[in-house]
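Trainee: I am new to this structure and would be grateful for a close look at a single part of it. Could you please take me through the surface near one of the DNA strands, and then set that part in its surroundings?

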Number of protein chains: 2
Amino acid sequence: MPSQLPRGRGRPTMKDVAAHAGVALKTVSRVVNDEPGVAPDKAARVRTSIEELGFRRNDGARLLRTGQTASVGLVLEDIGDPFYSALSRAVEDVAHQHGSLLFTGSSDERPGREQQLSLAFCARRVDGLIIIPAASDHRYLLPEMDAGMAAVFVDRPAGMIEADAVLTDNITGARSGVAHLISAGHRRIGYIGDAAGIYTARLRYRGYLDSMTEAGLPVSEPWVVQAPPEPAGIARALAGMLGGPAPVTAVFCGNNRATVLTLRELARAGARPAVVGFDDFELADLLTPAITVVAQDPAQMGRVAAELLFRRLAGEHGPARRVELPTQLIVRGSGEIPPGG
Amino acid sequence: MPSQLPRGRGRPTMKDVAAHAGVALKTVSRVVNDEPGVAPDKAARVRTSIEELGFRRNDGARLLRTGQTASVGLVLEDIGDPFYSALSRAVEDVAHQHGSLLFTGSSDERPGREQQLSLAFCARRVDGLIIIPAASDHRYLLPEMDAGMAAVFVDRPAGMIEADAVLTDNITGARSGVAHLISAGHRRIGYIGDAAGIYTARLRYRGYLDSMTEAGLPVSEPWVVQAPPEPAGIARALAGMLGGPAPVTAVFCGNNRATVLTLRELARAGARPAVVGFDDFELADLLTPAITVVAQDPAQMGRVAAELLFRRLAGEHGPARRVELPTQLIVRGSGEIPPGG
DNA sequence: GATCGCCCCGACAACGCTGTCAAGATGACA
DNA sequence: TGTCATCTTGACAGCGTTGTCGGGGCGATC
């Protein structure tokens with residue numbers, strides 16, 4: 001019956017437990033932390049008091065004293081996006097294995113919000129930070145990192161500082177997707193990707209260009225759209241690519257949001273160019289045709305990043321590491337529609 | 001140039017800043033907190049020192065002193081699941097509006113893990129907790145709630161305690177989905193849902209039964225499967241329903257995982273019964289046929305729960321509230337396949 | 001010139017916990 | 001009986017911050 005609140009308001013503290021059990025504060029601390037050197041009967045009395053008062057140790061105070069907070073922060077673009085939520089889950093699992101709790105925050109791709117969140121986590125003295133950057137200048141983290149906070153960047157590298165990063169081989173990935181379309185016979189291939197200001201979008205566009213150039217294929221102006229994916233923009237982009245004298249026969253999409261919006265717009269418009277997308281997504285295999293994708297493994301990215309972080313926290317020194325993960329071309333059919341089909 | 005670490009190791013504290021600026025500790029505190037009563041020149045000197053030392057206030061210590069932690073915890077089943085990640089995002093947004101940070105943890109539907117996570121958050125003295133329950137007994141939270149911690153349960157009610165809850169009208173929702181199939185002419189309708197131990201699964205099955213009974217339709221043993229959705233089980237279930245002398249012509253799925261696995265298995269097996277699912281999912285509209293669903297709005301659930309939580313934190317008293325949100329039947333075609341089609 | 005009030009400023013305690021250290025109790029042994 | 005080692009226990013300081021309070025400087029007022 002933990003309803004009797006000692007000392008007016010608030011929660012019982014070790015002091016309250018000590019008073020209730022008739023022992024010293026430190027003895028309670030020892031019992032709570034399973035330290036040796038407490039007589040069994042006294043320990044039992046303390047445990048009873050803990051139960052009766054509903055005492056729970058205040059980790060905030062403990063961590064202030066010990067210096068370790070046993071928590072890490074994760075700053076990503078949008079926890080509501082399946083790609084990031086899969087990544088987040090992997091980070092959480094690794095953190096849990098190491099006894100750490102996880103702070104999460106979404107930056108919405110806004111540099112200011114990324115910084116605000118990161119610094120808020122730093123003020124809580126997280127042991128480490130995993131960041132999917134929205135900003136291009138991370139010098140604001142230097143004091144924290146000098147003070148021993150670990151940081152690992154994912155999906156995009158840190159800006160203006162040396163730091164660990166877990167990246168995808170975007171150029172090779174995009175090249176493989178476009179090459180797949182080319183080898184299926186396509187010659188007029190459009191590109192729909194995110195704004196060119198975004199690191200991954202830039203590299204994937206580069207991969208698209210490389211692949212086209214290498215095959216001696218021209219890239220016409222209206223075939224390329226680089227903008228944050230939203231329905232109206234995608235619709236306009238597709239209208240431009242599919243209309244005119246030399247319509248594209250295939251579209252390469254730079255990320256899963258662009259892919260999904262493209263498919264939706266194509267279904268609405270009744271058009272059927274070949275489509276290959278960067279990033280896999282659930283149900284890609286059940287669409288008609290099934291969608292061929294250049295897949296990243298978000299869970300692996302999260303796991304690798306978190307493991308790197310905890311190795312740093314365990315004391316691993318050395319220069320900043322840069323891990324680059326491969327993509328996988330998953331051929332499902334949507335790239336192989338014959339031109340004009 | 002924040003590279004000079006004062007006092008050997010660790011981060012600079014207000015004490016260090018005070019020494020560096022030649023003022024008292026308390027003056028630094030005043031400057032950091034924008035309190036009035038500091039001469040402009042002294043304040044400027046303090047700010048310079050803060051900059052030079054790379055000082056950042058330790059919120060852990062601050063919160064220990066002030067008692068408020070400005071953080072809330074979210075315990076859900078799996079942050080990697082799009083349904084929960086959408087919910088999570090809504091919670092995060094509301095928390096951010098109230099200046100709170102968010103701890104997240106996945107219980108994997110394991111009661112022990114839910115309790116462990118919740119209590120870990122409590123030990124960090126979160127101001128409030130939003131829980132998607134895996135456990136059926138939440139008395140372990142009583143001491144915390146007595147001490148003033150707010151808690152809101154989502155998707156399923158709390159067990160053995162009175163607490164705020166934000167729920168979906170599962171029975172009515174399931175009834176509407178099954179009724180839709182019946183009105184399309186189906187008479188032999190199967191049910192594939194999660195284990196009967198799960199609150200929502202129980203209610204949705206109830207809705208299925210109600211709807212069938214009301215229409216005077218029989219429910220045969222092999223038509224009902226209640227188990228955690230995984231591919232092999234779903235495959236067996238479907239084989240049972242679709243084989244035999246009186247195969248079902250339609251399947252009602254109790255949650256989105258079951259729906260997706262069902263669709264995948266049906267595609268593999270080449271069968272085409274009508275399908276209606278509980279929970280909407282991305283691309284449901286792009287499948288052939290497009291999938292009719294009974295939609296919940298996870299973002300709304302998260303928002304409503306978080307707003308309720310913060311109202312409690314703002315001091316709103318009164319008995320436990322129980323908010324029940326309606327579902328929406330989104331007709332897309334997959335329910336209307338004529339029997340035998 | 002004495003008094004008052006205001007504004008700055010800093011000393012100090014406290015938040016709840018853990019690390020350090022020394023004191024008391026107990027039993028073994030010479 | 002005295003000495004020593006061992007075990008148990010508690011007093012105390014301190015983690016980094018904020019709330020309280022009182023002191024000193026200064027201009028205004030009588």
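Mentor: Let us take the surface near DNA strand C, where helix 4 of chain A gives the most, with 5 residues. Please keep in mind throughout that this is a predicted model.

In total, 26 residues surround DNA strand C. The closest come from both chains: Thr13(A), Met14(A) and Ala61(A) on one side of the pair, and Ala24(B) and Ala39(B) on the other. Four helices each supply at least two residues of this surface, namely helix 2 (25-32) and helix 4 (59-66) of chain A, and helix 2 (25-32) and helix 4 (59-66) of chain B. Sorted by class, the surface near DNA strand C has 11 nonpolar, 8 polar and 7 charged residues.

DNA strand D offers a useful counterpart. It is surrounded by 27 residues, of which the closest are Ala24(A), Thr13(B), Met14(B), Asn58(B) and Ala61(B). Two or more residues of that surface come from each of helix 2 and helix 4 of chain A, and from each of helix 1 (14-21), helix 2 and helix 4 of chain B. For DNA strand D, helix 4 of chain B gives the most, again with 5 residues. The classes there are 11 nonpolar, 8 polar and 8 charged residues.

The relation between the two protein chains comes next. Chain A is superposed on chain B by a rotation of 180 degrees with 0.0 Å of shift along the axis, at an RMSD of 0.1 Å. That is the relation of a two-fold axis. The same surface serves both copies, since 100% of the contact residues of chain A recur in chain B. Among the residues of chain A, Phe103(A) comes closest to the rotation axis, its C-alpha lying at 2.3 Å.

As for the contact between the protein chains, 47 residues of chain A meet 48 residues of chain B. On the side of chain A that touches chain B, two or more residues come from each of helix 4, helix 5 (82-97), strand 2 (101-106), helix 6 (111-123), helix 7 (142-146) and helix 11 (256-269). By class, that side of chain A has 22 nonpolar, 13 polar and 12 charged residues. Helix 4 of chain A thus belongs to two settings: it contributes to the side that touches chain B, and it contributes to the surface near DNA strand C.

We may now step back to the whole of chain A, which has 12 helices and 12 strands. Its radius of gyration is 27 Å, well over the 20 Å that the globule rule gives for 341 residues, so chain A is more spread out than a compact globule. Along its principal axes, the C-alpha trace spans about 90 × 45 × 30 Å. Of the 341 residues, 48% count as buried. Among contacts in chain A with a separation of 6 or more, 67% join residues 24 or more positions apart.

One residue of chain B illustrates a setting away from helix 1. Val152(B) lies in strand 4 (residues 150-154) of chain B, and it counts as buried because 27 C-beta neighbours lie inside 10 Å. Leaving aside residues up to four places away in sequence, Val152(B) touches Ile130(B), Asp164(B), Val166(B), Ala305(B), Leu308(B) and Leu309(B). The C-alpha atoms of Val152(B) and His20(B) are separated by 47 Å, and the two residues are 132 residues apart along the chain.

Some backbone details also deserve attention. Just after helix 4 of chain B, Ala70(B) is in the loop that leads to strand 1 (71-76). Ala70(B) has a positive phi of about 50 degrees although it is not a glycine, and with 17 C-beta neighbours inside 10 Å it counts as partly exposed. In chain A, the peptide bond from Thr288(A) to Pro289(A) is cis, with omega near -5 degrees. Pro289(A) is placed in the loop between strand 9 (274-278) and strand 10 (292-295) of chain A.

Finally, a word on confidence. Chain A averages a pLDDT of 93, and 96% of the residues score at least 70. Over residues 1-8 of chain A, however, pLDDT stays under 50. Where pLDDT is low, the predicted coordinates should not be read in detail.

Conventions:
Residues are numbered from 1 along each chain as its sequence is written. Chains are lettered from A and ligands numbered from 1 in the order in which they are written. This is a predicted model: local features need pLDDT of at least 70, side-chain atom pairs count only at pLDDT 80 or more; totals for chains, interfaces and linings use all residues. A residue is near a molecule or strand if its C-beta atom, placed from the backbone, lies within 6 Å of it. Ala, Val, Leu, Ile, Met, Phe, Trp, Tyr, Cys and Pro count as nonpolar, Asp, Glu, Lys and Arg as charged, and the others, Gly among them, as polar. Two residues are in contact if their C-beta atoms, placed from the backbone, lie within 7 Å. Copies are superposed by least squares on the C-alpha atoms of residues with pLDDT of at least 70 in both. The radius of gyration is taken over C-alpha atoms; the globule rule is 2.2 Å times the number of residues to the power 0.38. A residue is buried if 20 or more other C-beta atoms lie within 10 Å of its own, exposed if 12 or fewer, and partly exposed in between; C-beta atoms are placed from the backbone. pLDDT is the predictor's confidence in each residue, from 0 to 100.
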